[in-house]
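This report walks through one chain, from its overall build down to single residues. Keep the sequence and the structure open while reading.

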Amino acid sequence: MRFFCNKDNLSADIEEILRAFGGEMLDKDDGKSVEVEIEFIGEKQAEILLKYSDEKNNVRNTYENRVNLEDVGDPLKLKSEAKRAAKIMLYDLLSALSGKSLPYGSLTGVRPSKLYHDLTKKGEDAFELFTKEYRVSEEKAKLVRQICREQEGLKSEDPLSADIFVNIPFCTSRCSYCSFISAEIGRVKKFVPAYVELLEREIKNALEIVRRRGFKLRAVYFGGGTPTALDKGSLFRLLALFKGIEAEFTVEAGRPDSIEKDKLDVMDEMGVTRISVNPQSLNDKTVKLIGRKHCAADFFAVFELARKYPFDINCDVIAGLPGESAEDFRRTAEGVFSLLPENVTVHTLALKKGSGLKVSGYDNSGGETGEMVDLARELARKNGYKPYYMYRQKYMSGNLENTGYALAGKACIYNIDIMEECANIIACGAGGISKLWIPGENRLERLADPKGLDVYLARGDELLKAKESFFGL
């Protein structure tokens with residue numbers, strides 16, 4: 001199927017609907033084509049034309065819709081409303097052609113719960129709009145609604161709320177599904193000392209920004225990558241900068257093969273409140289296949305060790321991994337929930353450009369992934385967990401979602417802040433994206449650190465000055 005949109009800046013979003021129905025639709029040369037034309041008539045009206053043709057069967061159809069300024073109330077919203085209308089029109093066409101529906105209907109983008117919050121804040125019936133207008137299934141609309149309710153009292157409304165994110169772009173090995181900038185630490189060890197030194201300066205600068213701007217620090221989050229891929233001394237040097245901080249303090253330890261007692265001792269001494277110990281799967285064959293250097297026994301041993309400390313623990317699992325059946329996933333999910341970690345995050349496999357599985361041509365279009373996600377949700381409910389945040393990505397198996405579950409009172413503040421875009425984010429480290437929150441306009445401004453280690457290290461003082469300027473100092 002050929003696809004054309006006359007507005008380049010809208011094409012990618014609209015094309016995502018096509019991909020959600022299966023990437024093969026775009027790759028086939030089957031004589032079918034779809035054209036989306038959006039014309040803005042002054043500042044008052046947008047006209048959307050959807051043209052479908054099937055040359056082999058001599059079928060040509062044209063559908064049209066209009067969005068008027070009096071309907072949206074704001075000239076700036078005309079563009080987004082036109083794109084929304086085009087996506088719904090395209091979704092309805094593809095649904096009719098394929099005979100199937102998608103769990104999130106015409107919704108693309110990463111934050112369904114943020115949209116739900118925004119609609120509710122405007123006095124709209126968000127649930128009805130999700131199910132009737134956006135074509136979201138009732139089951140998924142209920143999930144989003146429940147997450148929004150769980151966030152009540154946790155989601156910030158204070159424009160001075162802030163988090164600090166610290167990126168450690170090193171891992172002990174590279175997972176075949178990973179598209180992050182993270183590198184195997186053994187291959188880039190020559191960069192590590194200089195990276196830690198510059199990162200230390202960035203963190204000090206971030207804390208100074210918090211002080212001078214009067215920000216109220218809600219959370220500190222060490223992510224990556226795998227922060228515990230660093231040696232004990234480097235980890236101590238960076239964590240010590242936050243000792244005594246009154247905020248949620250997470251270290252995404254992640255890899256069981258990177259977690260040792262002396263590193264847990266350091267994290268405990270420095271006041272870390274939350275860590276991740278991520279099996280992804282408890283099937284050893286799968287873990288080896290995706291390029292990780294641990295086994296199920298390692299995970300259980302490390303989890304038992306970490307339980308001797310006062311940390312809240314998060315465990316990640318992934319639905320849709322290569323070669324896994326729903327029964328394979330069940331064993332993983334049951335094993336993890338039986339340990340009662342404070343948080344369990346259920347990811348759906350997403351394969352972006354650059355990941356090994358994507359390059360190899362692995363098909364993650366669906367299979368039993370939906371059954372796996374439903375199974376995890378039911379296990380979470382039975383074990384006393386509530387869903388408290390979610391996000392979606394491009395190229396997700398089954399067009400599904402990632403969901404974080406928490407025991408009562410154990411939701412991760414940083415996860416809510418980053419997904420609901422309700423706090424300033426001061427990001428440190430290669431590839432980190434700082435975000436200036438402008439609640440009155442319901443938007444963020446972004447400033448990205450360079451992704452490449454060499455470029456990041458070369459920028460030095462320039463990065464610090466740019467960040468100070470970005471946050472208005």
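Two strands count as paired if DSSP finds at least two bridges between them. By that rule strand β10 (residues 274-277) pairs with β11: three bridges join them, and the strands run parallel. Within this pairing, the partner of Ile275 is Ile313 in β11. The model is predicted.

## Overall build

The chain has 18 helices and 17 strands. Its C-alpha trace spans about 70 × 55 × 40 Å along the principal axes. Does the radius of gyration agree or disagree with that of a compact globule? It agrees: for 473 residues such a globule would have a radius near 23 Å, and the chain has 23 Å.

Buried residues make up 55% of the 473 residues. The chain exposes about 20,800 Å², and carbon and sulfur atoms supply 48% of that area. Among contacts with a separation of 6 or more, 71% link residues 24 or more positions apart.

## Strand β11 and its partners

Strand β11 covers residues 312-319, and eight of its eight residues are buried. In a regular strand the side chains alternate between the two faces of the sheet. Both faces of β11 are covered. One side carries Asp312, Asn314, Asp316 and Ile318, and the other carries Ile313, Cys315, Val317 and Ala319.

β10 is one partner of β11, through three parallel bridges. Strand β12 (residues 343-348) also pairs with β11 in the parallel sense, over six bridges. There Ala319 stands opposite Thr348 of β12.

## An antiparallel hairpin

Strands β3 and β4 run antiparallel. The table sets this pairing beside the two pairings of β11.

| Strand pair | Sense | Bridges | Residue pair |
|---|---|---|---|
| β3 (residues 45-54) and β4 (residues 59-68) | antiparallel | 10 | Ser53 and Arg60 |
| β10 (residues 274-277) and β11 | parallel | three | Ile275 and Ile313 |
| β11 and β12 (residues 343-348) | parallel | six | Ala319 and Thr348 |

Four residues lie between the strands of the β3 and β4 hairpin. One residue there, Asn58, takes a positive phi near 55°.

## Nonpolar cores

In soluble globular proteins, nonpolar side chains tend to be buried together. The largest nonpolar core here holds 75 residues. Which members touch the most others? They are Phe170, Phe222 and Leu239. Helix α8 (residues 192-213) gives this core its largest share, nine residues. A second, separate core has 28 residues, including Met1, Leu10, Phe21 and Leu94.

Leu239 shows how such a member is packed. Setting aside residues up to four places away in sequence, Leu239 touches Phe222, Phe249, Val251, Val266, Met267, Met270 and Val272.

## Two buried serines

Ser182 lies in the loop between β6 (170-171) and β7 (183-184). Is Ser182 buried or exposed? Its relative accessible area is 10%, so Ser182 is buried, the cut-off being under 20%. Beyond neighbours within four places in sequence, Ser182 is in contact with Pro169, Phe170, Cys171, Arg174, Gly224 and Gly225. Phe170 belongs to the largest nonpolar core. With Gly225 there is also a polar link: the side chain of Ser182 reaches the backbone nitrogen of Gly225 at 2.9 Å.

Ser95 is found in helix α4 (residues 77-98). Its relative accessibility is 19%, so Ser95 counts as buried under the 20% cut-off. Not counting residues up to four places away in sequence, Ser95 touches Phe21, Lys100 and Ser101. Phe21 is a member of the second core.

## Helix α16 and strand β16

Helix α16 spans residues 413-420 and is mostly covered, with eight of its eight residues buried. The buried set includes polar names as well as nonpolar ones: Asn415, Asp417 and Glu420 are in it, along with Ile413, Tyr414, Ile416, Ile418 and Met419. Glu421 follows α16 and has a positive phi, near 50°.

Ile433 is in strand β16 (residues 433-438). Its relative accessible area is 38%, so Ile433 is partly exposed, between the cut-offs of 20% and 50%. Apart from neighbours within four places in sequence, Ile433 is in contact with Ile425, Ala427, Arg446, Leu447 and Ala448. Ser258 sits 175 residues from Ile433 along the chain, and their C-alpha atoms are separated by 25 Å.

Technical notes
Residues are numbered from 1 along each chain as its sequence is written. This is a predicted model: local features need pLDDT of at least 70, side-chain atom pairs count only at pLDDT 80 or more; totals for chains, interfaces and linings use all residues. Side-chain values use heavy atoms; hydrogens and water are left out. A nonpolar core is a set of buried Ala, Val, Leu, Ile, Met, Phe, Trp, Tyr and Cys residues joined through side-chain atoms within 4.5 Å. Buried means under 20% relative accessible area, exposed over 50%, partly exposed in between (1.4 Å probe, protein chains only). Contact means heavy atoms within 4.5 Å. A polar contact is a pair of N or O atoms within 3.5 Å; within protein, one must be able to donate a hydrogen and the other to accept it, and residues adjacent in sequence count only if both atoms are side-chain atoms. The radius of gyration is taken over C-alpha atoms; the globule rule is 2.2 Å times the number of residues to the power 0.38. Accessible areas come from the Shrake-Rupley method with a 1.4 Å probe; for residues, only the protein chains shown count as cover.
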